[in-house]
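Colleague: I would like to go through a few local features of this model with you. Please keep each answer short and end on the value or name I ask for.

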Amino acid sequence: HAIDLNKAAQVAETGSVEINGFRVIPLETTVAEKLLYFVPEPKSPHGSDVTPKGEYIVVGGKLDQNATVYSFKKMQDAIAAGVWDTDDYGVPILPFDAVLEAQVELGLGPLHTQFDDKGYAYTSLFLDSAVARWSLGGAYRQDGEEPWKLVTKTPVQYNIGHLAAAEGDTVSPD
């Protein structure tokens, strides 16, 4: 789900309704106001993590062997171009190929991703019982290393799920 959060906050002021004590924007309103878009994920999406500079969204899929990397700019471009199909309720579905930046083959069961300040991502692999270290692309690759590539896997002795790194979710991890 991709949501225009700023516009949703504005619409919530005038276009929301109360249900069981909670303010809710009806689906019809989200479609009419272009607040919500769906982005396809190949298999069983689980974790969704944004790179430190905000350009990419990394999604892990429990039943996939890849981390799928989406470009925020490509999403915005597809929305601006009106390039999408709709589901049965009228919600726009952005084309996978139009918003995809890369898919990185990591191993079985990628779930959650953390980032360092050297241009690397670390993804938990639930079924492989490992943590995958892989290289980011774009502005993160100034060192000549191949972008969007698995670097190494570190085995762990359990089925890892969530992981955390100091400042791994910030704009300035170190």
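Modeller: This is a predicted model. One place to begin is the hairpin of β12 and β13, which has four residues between the strands.

Colleague: Which residue in that hairpin takes a positive phi, and near what value?

Modeller: The two strands of the hairpin are β12, residues 120–125, and β13, residues 130–135. They pair in the antiparallel sense over six bridges. The residue with the positive phi is serine 129, and its value is near 50°.

Colleague: Which residue of β13 stands opposite threonine 123?

Modeller: Threonine 123 has its opposite residue in β13, the strand that pairs antiparallel with β12. That residue is alanine 132.

Colleague: What is the bridge partner of valine 131 in β14?

Modeller: Strand β14 covers residues 149–155 and runs antiparallel to β13, with six bridges joining the two. Within β14, the partner of valine 131 is threonine 154.

Colleague: How many of the six residues of β13 are buried?

Modeller: Buried here means under 20% relative accessible area. Strand β13 is largely enclosed by the rest of the structure, because the number of its six residues that are buried is five.

Colleague: Is threonine 86 buried or partly exposed?

Modeller: Threonine 86 is found in strand β8, residues 85–86. Leaving aside neighbours within four places in sequence, threonine 86 is in contact with Val91, Pro92 and Ile93. Its relative accessibility is 47%, and the class between 20% and 50% is partly exposed. Threonine 86 therefore counts as partly exposed.

Colleague: What separates the C-alpha atoms of threonine 86 and tyrosine 37?

Modeller: Along the chain, threonine 86 and tyrosine 37 are 49 residues apart. Their C-alpha atoms are separated by 9.1 Å.

Note on methods
Residues numbered from 1 in each chain as written. Predicted model: local features only at pLDDT ≥ 70, side-chain atom pairs only at ≥ 80, totals over all residues. Heavy atoms only, no water. Buried < 20%, exposed > 50% of the residue type's maximum accessible area, 1.4 Å probe, protein only. Pairing = 2+ DSSP bridges. Contact = heavy atoms within 4.5 Å.
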